[in-house]
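Let's look at a structure together and ask how its labels are earned. Each label will be set against its cut-offs.

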Amino acid sequence: MTDTIKHQGTVENIKGTHVQVRIVQTSACSSCSAKSFCSSSESKEKLIDIYDADTSSLHVGQDVVICGTTSMGMRAVGLAFGVPFLILIMALFLLYGLSGGNEAVSALGALGMLVPYYVVLYLMRGRIKRRFSFRIE
């Protein structure tokens, strides 16, 4: 298994060293020959921002291959699902014990504990964006 994720895309916009590339993200079954008979195939278009790129040989409309690492994907899953899950479970048990077994208060309090996490995540979006960087191959 390789440590690189590659997507083919088209250059949409170039501003200095910032490039926007449009990729088509498809599910595994969207390339299946029976997809017209199945309702589970899907594809989405996404814009990927690439910073500090060498734009001297690029032009709008050019087909390119962008690369990222699998560790970047795992880090994203951890930030989006792993950490909130841990916060939710720890807060639920802590608040259940502190509230004397009141499940409603525990559940609402645990959900409320996610708000500060997502606020901090939003405030740190610039720093996170630099850690999740793609490059043009």
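The questions below take up salt bridges, exposure, a core, a surface patch and contacts. This is a predicted model, in which local features need pLDDT of at least 70, side-chain atom pairs count only at pLDDT 80 or more, and totals for chains, interfaces and linings use all residues. Residues are numbered from 1 along each chain as its sequence is written, and side-chain values use heavy atoms, with hydrogens and water left out.

Q: What makes K6 and E137 a salt bridge?
A: The term asks for a side-chain nitrogen of Lys or Arg within 4 Å of a carboxyl oxygen of Asp or Glu. The closest N and O atoms of K6 and E137 are 3.1 Å apart, so the pair meets that limit. The bridge links distant parts of the chain, with K6 in strand β1 (residues 4-15) and E137 in the segment after β5 (135-136), 131 residues apart. Strands here are DSSP runs of E with at least two residues, helices are runs of H or I with at least four, and both are numbered from the N terminus.

Q: Why is K6 called partly exposed, and why is E137 called exposed?
A: Buried means under 20% relative accessible area, exposed means over 50%, and partly exposed lies in between (1.4 Å probe, protein chains only). K6 has 49% relative accessibility and therefore counts as partly exposed. E137 has 52%, so the exposed label applies.

Q: How do you know that E12, R22 and E45 are linked in a network?
A: R22 takes part in two of the pairings: with E12, where the closest N and O atoms are 3.4 Å apart, and with E45, at 3.3 Å from N to O. Both distances fit the salt-bridge limit, and the three residues are linked in a network of salt bridges. E12 in strand β1 and R22 in strand β2 are 10 residues apart, while R22 and E45, the latter in strand β3, are 23 residues apart. A search of the whole structure finds 3 salt bridges.

Q: What exposure labels do the members of this network earn?
A: E12 is partly exposed at 33%, and R22 is partly exposed at 27%. E45, at 54%, counts as exposed.

Q: What makes the set with V11 and V19 a nonpolar core?
A: Such a core is a set of buried Ala, Val, Leu, Ile, Met, Phe, Trp, Tyr and Cys residues joined through side-chain atoms within 4.5 Å. The largest one has 10 residues: V11, V19, V21, I23, I48, I50, A53, L58, V64 and I66. Strands β2 (18-26), β3 (43-50) and β4 (63-69) each supply at least two of them, and the largest share, 3 residues, comes from β2.

Q: Which residues does L92 touch?
A: Contact means heavy atoms within 4.5 Å. Not counting residues up to four places away in sequence, L92 touches S106, A107 and A110. L92 lies in helix α1 (residues 70-98).

Q: Why is L92 called partly exposed?
A: The relative accessible area of L92 is 32%, which lies between the two cut-offs and therefore makes L92 partly exposed.

Q: How do you know that V115 is exposed?
A: V115, in helix α3 (residues 114-123), has a relative accessible area of 52%, so V115 passes the exposed cut-off.
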